[in-house]
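Q: Please take a close look at one part of this structure, the strands and what lies beside them. Explain the terms as you go.

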Amino acid sequence: GWHIECSAMSLGYLGATVDIHGGGQDLVFPHHENEIAQTEAYTDGQTMARFWVHNGLMRLGEDKMSKSLGNLVTVGEALERFSSDALRLFFLSSHYRSPLTYSDEGVAGQERAAERLRNAVTLPGPSEPGEVLDAGPFRERFVEAMDDDLNTPRALAVLFDLARDINRGRKERRNVAPAQVVLKELAGLLGLTLRETGSSGAGDVAPFVQLLVDIRSDLRAAGRYDLADKIRLRLAHMGVTLEDARQDTGWKRRHE
């Protein structure tokens, strides 16, 4: 009965052939096999679906996450603890056909990964930028990964490689603004917002923090290490960590 209803609904709303039919791997047999048999028998052998997309099952510990088993973590419950970007990174870090085991530690690690992407997009480049950082090859690699059966782990690796080169280019005083646009665009294709979740997001305070960082660099160059250390200490109290490098100073927000 259930298989006949699904077949009838598909035929009624979508026609004899659909491009993509999805579902969990636990539905391959008998549900989807019966749908194919019934539908294609009725349509005289016309292909029911051109592509079948079966996702791996979410696990919690050793068991499949299931409402019937009572071992369920809802999206709402997860969003009370983590950002939507961290959850998306957690899901996309594994290929959709592979099983995935949920853990708070795993999502927390992706929260830090989301912050790396967020900083790469929001931190301003040098005031007098030089050579433009070319993000074209990264876009090509991203598209190639997504065309390969939605290989999101490879696509994410491209995003983090681009973020690394943006940070490196910023320290080398290159023009990273166009690459930042590409990074935000490609991240958006995966549903990543790269927005700060708190009330005072990194995107809002970034120019002001960078101004203090630049002033501190000028003070250090002038030998006023007492004032430079005061700025570092005050920023640390506000949750901003400075990272001094040979040619430049970077910063990042510290999250509880």
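A: The answer below starts with the strands, moves on to a group of aromatic rings, and ends with one loop residue.

This is a predicted model, in which local features need pLDDT of at least 70 and side-chain atom pairs count only at pLDDT 80 or more, while totals for chains, interfaces and linings use all residues. Residues are numbered from 1 along each chain as its sequence is written, and side-chain values use heavy atoms, with hydrogens and water left out.

Helices (H or I, at least four residues) and strands (E, at least two) are DSSP runs, numbered from the N terminus. Two strands count as paired if DSSP finds at least two bridges between them.

An open sheet is built from 3 strands in the order β4-β3-β5, with mixed pairing. Its edge strands, β4 (63–64) and β5 (100–102), each pair on one side only. Between β3 (residues 58–60) and β5 there are 3 bridges, and the pairing is parallel. One position to find in the model is R59, whose bridge partner in β5 is T101.

Another pairing involves β1 (residues 18–24) and β2 (residues 49–55), which run parallel and are joined by 6 bridges. Here G22 stands opposite V53 in β2. Together with helix α2 (residues 28–42), β1 and β2 make a right-handed β-α-β unit. Right-handed means that, with the strands pointing away from the viewer, the path from the first strand over the helix to the second runs clockwise.

Back at β5, the aromatic rings come into view. Rings of Phe, Tyr and Trp (its six-membered ring) pair if their centres lie within 6.5 Å; planes under 30 degrees apart count as stacked, over 60 as edge-to-face and the rest as tilted. By this rule there are 2 aromatic pairs. One of them is F90 with Y102, edge-to-face at 5.8 Å centre to centre and 85° between the planes. This pair links distant parts of the chain, 12 residues apart: F90 belongs to helix α4 (residues 84–92) and Y102 to strand β5. Both F90 and Y102 are buried; buried means under 20% relative accessible area, exposed over 50%, and partly exposed in between (1.4 Å probe, protein chains only). F90, F91 and Y102 form one aromatic cluster.

The last stop is P124, in the loop between α5 (104–122) and α6 (136–147). P124 has a relative accessible area of 29%, so it is partly exposed. Leaving aside neighbours within four places in sequence, P124 is in contact (heavy atoms within 4.5 Å) with R170, A206 and Q210.
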